[in-house]
Amino acid sequence: MVTVDGDGGSDLDLLRAHVAGDRDAFNTLFRRHRDRLWAVALRTIGDREDAADALQDAMLSAHRAAARFRGDSAVTTWLHRIVVNACLDRMRRRQTHATVPLPDGMHTDGEPGRHTGGVEPAAPARDHDTALVIRQALAALPAEQRAALVLVDVQGYPVAEVARILGVAEGTVKSRCARGRARLAVLLGHLRTGSDDPADVPQLTLGNRRRPEGVGSTSGSPRQAVSQEEP
């Protein structure tokens, strides 16, 4: 049996150790990336309870499917793809947009395996109303547009990486983002100050605009597509 001591080893080493029978390897892998995975799930669904359930479903799926990982993308890309798919599946099953929680910045800390999985950044008190309006606007978007915007504009992933996560072409990601931003321009138009440009939408600065750490594999093509159709 292959084992990986502590938090050492690459993501791929941990995944391989898990497949080989190391009972701690997958938990170590999850702890390493849970904050970003949780943030993506929460921003995509908009409801803490649904996001927690989707993240749990995704991690169970990843745990069971690890042996089928071919290594044609980064492990983080694979994990994010599973999380986004779980969120979109849950949203489609309910056939309705989830409610949007108050942006109180509260989260569940604690032991590994707690289902919330990470931290929701808290906005300053004076920005709570604006943050809530932005979340409500995001929740009003079609699921595919929301997922693309969350990954690109909120979490700061490059378009090429988002294409691999969602299993679509880069042009599709750009199109979904453009359509989503156009809808947000209407929904958030009252937040504009002194601009007549309808595309002057407030920047969604709820996440990291830098290239995320551990993400950036350029090899291979996605193994699991989300939806090739434009919303």
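Tutor: A helix here is a DSSP run of H or I with at least four residues, and helices are numbered from the N terminus. The model is a predicted one. Just after helix 2, G46 has a positive phi of about 90 degrees.

Student: How many helices and strands does the chain have?

Tutor: The chain has 8 helices and 0 strands. Read from the N terminus, the order of elements is α-α-α-α-α-α-α-α.

Student: What makes the span of helix 2 close to the expected one?

Tutor: Helix 2 covers residues 25–45, which is 21 residues. From first C-alpha to last, helix 2 reaches 28 Å, against an expected 30 Å at 1.5 Å a residue.

Student: Where is helix 2 kinked?

Tutor: The kink is centred on H33 and amounts to about 60 degrees. That angle is taken between axes fitted to the seven residues ending at a position and the seven starting there.

Student: Why is H33 called buried?

Tutor: The relative accessible area of H33 is 12%. Buried means under 20%, so H33 qualifies as buried.

Student: What makes the pair of H33 and D11 a polar contact?

Tutor: The two side chains meet at 2.9 Å. The cut-off for a pair of N or O atoms is within 3.5 Å, and therefore the distance for H33 and D11 meets it. Apart from neighbours within four places in sequence, H33 is in contact with D11, T76 and L79.

Student: Why is W38 called buried?

Tutor: W38, which is also in helix 2, has a relative accessible area of 0%. With the limit for buried at under 20%, W38 therefore counts as buried. In space, the C-alpha atoms of W38 and A54 are 9.4 Å apart, and in sequence the two are 16 residues apart.

Student: How do you know that helix 2 is mostly covered?

Tutor: Of the 21 residues of helix 2, 16 are buried.

Student: Why is A52 called buried?

Tutor: A52 sits in helix 3 and has a relative accessible area of 3%. That value falls under the 20% limit, so A52 is buried. A52 and A41 are 11 residues apart along the chain, with 7.6 Å between their C-alpha atoms.

Student: What makes helix 7 mostly covered?

Tutor: In helix 7, 6 of the 8 residues are buried, namely E161, V162, A163, R164, I165 and L166. Helix 4, helix 6 and helix 8 are among what covers them. Just after helix 7, G167 takes a positive phi of about 75 degrees.

Student: Why is the length of helix 8 said to agree with the expected span?

Tutor: The 18 residues of helix 8 should span 26 Å at 1.5 Å a residue, and the end C-alpha atoms are 26 Å apart, so the two agree. The buried residues of helix 8 are T172, V173, R176, C177, G180, L184 and A185.

Student: Why is E170 called partly exposed?

Tutor: E170, a residue of helix 8, has a relative accessibility of 40%. Under 20% would be buried and over 50% exposed; 40% lies in between, so E170 is partly exposed.

Student: Which residues does E170 touch, leaving out those up to four places away in sequence?

Tutor: E170 touches V159, A160 and A163. For V159 and E170, the C-alpha separation is 6.3 Å at 11 residues apart in sequence.

Student: Which residues have the most contacts inside the largest nonpolar core?

Tutor: M59, W78 and L166 do, in a core of 53 residues. At least two core residues each come from helix 1 (11–20), helix 2, helix 3 (48–65), helix 4 (75–94), helix 5 (128–139), helix 6 (143–154), helix 7 (159–166) and helix 8 (170–187).

Student: What share of the chain is buried?

Tutor: Buried residues are 48% of the 231 in the chain. The exposed area is about 11,500 Å², with carbon and sulfur atoms supplying 48% of that area. Among contacts with a separation of 6 or more, 71% join residues 24 or more positions apart.

Methods: Residues numbered from 1 in each chain as written. Predicted model: local features only at pLDDT ≥ 70, side-chain atom pairs only at ≥ 80, totals over all residues. Heavy atoms only, no water. Expected span 1.5 Å × (residues − 1). Buried < 20%, exposed > 50% of the residue type's maximum accessible area, 1.4 Å probe, protein only. Core = buried A, V, L, I, M, F, W, Y, C linked by side-chain atoms within 4.5 Å. Contact = heavy atoms within 4.5 Å. Areas by Shrake-Rupley, 256 points an atom, 1.4 Å probe, with all protein chains shown as cover. Polar contact = N/O pair within 3.5 Å; in protein donor to acceptor, adjacent residues only side chain to side chain.
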